[in-house]
Amino acid sequence: MLRQEPLLLRHPAFVKLFVLFLLILVMWLITFFLGVLLSRPLFGIPVMETLSGIGIPENPEEISLLKFMQVLSQLGAFVLPGLIFAFLVSFSVSEYLGLKKLPGLFSAISVVLLMYLLLPVINELVKINQAMVLPDSLHAIEEWMRTAETRAEELTKAFLNTRTIWGLVINLLIVGVIASVAEELLFRAVLIRVFRSWLGNVHIAVVLSAIIFSAFHLQFFGFLPRFVLGLIFGYLFVWSGSVWLPILAHFINNASAVMVYYLFEQGVVETPAEEFGSVESTVLLWVSIVLSLALIFFVVMNEQTGLRFLKRNR
């Protein structure tokens, strides 16, 4: 039995984009209020008091609640909107989202190596971004941005702080697996395709998706490195036609930070997560750049079906 033509299949791209953002808003609100309703029976804490508090959550119940809300947020803001949208615009949800095509083993290994080779570059971008100073007329805004950045860092540390293997596994699942899959489904598999269909240029589509991806995290002094990562994730999707490559790259980036933070807190390594991969030598930085570009080139040569895939699935 043939499926009826998808509801939005023949609608203009800007209409699809509007529907997508509407889905994101509605699904996020539904999952947020679901979390509010479940917070007291599951954790014995009213979620609004925890989320609106000025201090950083410290007791295990509050941290567990934040992790629960994080999972619901990922589900509501990224996964459900992406799946529903793909159903509304395509005959095959899995094909539209780039889930059917599995990358080759060489490409997967190259992407893992790439994410580690990029660490010096990403850390250098972090330093550049954090050195940003706004004009005197915007001093109040800069102070607010730095305060928000500090609070975000403290929340991240509270979120990742654990001394048990089970706690590490939970963090890897939430920050590594769920976040990577959820965000790549929306920002790469869906947004790049919609922007490309609307604007007719795949490069603009990748740049716009990377800007939105970085801005969404609301960490102003980490915007530049996250934007560059968004570009890399985007082109991995465009070149391969598979969302699994950017998911893998995203996972390696996030999971590595979780692992290093855990090992540092355990005293196993002496390098904190925020300094992992930093180099002081300019020569090593350029080596990182050259080797990263070489790996990207090899991935492109090995995965050449992406653009045809995007044309076929507008």
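Select Leu218 to begin: Leu218 is exposed, with a relative accessible area of 58%. Before you move on, keep in mind that this is a predicted model.

**Stop 1: Leu218 and its surroundings**

Stay on Leu218. Where does Leu218 sit in the chain? Look at the loop between helix H9 (202-216) and helix H10 (223-240), and you will find Leu218 there. Now add Glu149 to the selection. Leu218 and Glu149 are 69 residues apart in sequence, yet 8.3 Å apart in space, C-alpha to C-alpha. Swap Glu149 for Met145. Here the sequence gap to Leu218 is 73 residues, and the C-alpha atoms are 9.1 Å apart.

**Stop 2: Met145**

Drop Leu218 and keep Met145. Helix H7 (residues 139-160) holds Met145. Is Met145 buried or exposed? Met145 has a relative accessible area of 10%. The cut-off for buried is under 20%, so Met145 counts as buried. Now show what Met145 touches. Setting aside residues up to four places away in sequence, the list is Met132, Leu134, Phe220 and Phe221. Keep Phe220 and Phe221 on screen for the next stop.

**Stop 3: Asn129**

Select Asn129. Find Asn129 in helix H6 (residues 119-130). Asn129 is buried, at 6% relative accessibility. Which residues does Asn129 contact, leaving aside neighbours within four places in sequence? They are Phe220, Phe221, Gly222, Phe223, Leu224 and Pro225. Phe220 and Phe221 are contacts of Asn129, and they are also contacts of Met145. Next, draw a distance from Asn129 to Leu97. The two are 32 residues apart in sequence and 32 Å apart in space, C-alpha to C-alpha.

**Stop 4: Leu20 in helix H1**

Jump to Leu20, which lies in helix H1. Leu20 is buried, with a relative accessible area of 0%. Now bring up Leu191. In sequence, Leu20 and Leu191 are 171 residues apart; in space, their C-alpha atoms are 8.9 Å apart. Leu191 is also among the contacts of Leu20. The others are Pro81, Phe85, Leu186 and Val190, with neighbours within four places in sequence left out.

**Stop 5: a nonpolar patch**

Stay with helix H1 and select Ile30. Helix H1 covers residues 13-43, and Ile30 is part of it. Ile30 belongs to a nonpolar surface patch. To see the whole patch, add Phe18, Leu22, Leu25, Val26, Trp28, Leu29 and Phe33. What area does this patch have? It comes to about 750 Å².

**Stop 6: the salt bridges**

Now turn to charges. Side chains of opposite charge can pair when their charged atoms come close. How many salt bridges does a search of the whole structure find? The search finds 2.

Select Glu5 and Arg10 for one of them. Their closest N and O atoms are 3.0 Å apart. Show the surface here. Glu5 is partly exposed, at 38% relative accessible area. Arg10 is exposed, at 67%.

Then select Glu184 and Arg188. Their side chains meet in a salt bridge of 2.7 Å, N to O. Why are these two about one helical turn apart? Both lie in helix H8 (residues 165-199), and they are about one turn apart because 4 residues separate them. Check the accessibility too. Glu184 is buried, at 0% relative accessibility. Arg188 is also buried, with a relative accessible area of 0%.

**Stop 7: a negative patch**

For the last stop, select Glu275. Look for Glu275 in the loop between helix H11 (244-265) and helix H12 (282-302). Glu275 is partly exposed, with a relative accessible area of 47%. Which residues join Glu275 in a negative surface patch? Add Glu153, Glu154, Glu274 and Glu280 to complete the patch.

Terms used: Residues numbered from 1 in each chain as written. Predicted model: local features only at pLDDT ≥ 70, side-chain atom pairs only at ≥ 80, totals over all residues. Heavy atoms only, no water. Patch = residues over 30% accessible without salt bridge, like charges linked within 9 Å, V, L, I, M, F, W, Y side chains within 5 Å. Areas by Shrake-Rupley, 256 points an atom, 1.4 Å probe, with all protein chains shown as cover. Salt bridge = Lys/Arg side-chain N within 4 Å of Asp/Glu carboxyl O. Lys, Arg positive; Asp, Glu negative; His and termini not counted. Charge placed at Lys NZ, Arg CZ, Asp CG, Glu CD. Buried < 20%, exposed > 50% of the residue type's maximum accessible area, 1.4 Å probe, protein only. Contact = heavy atoms within 4.5 Å.
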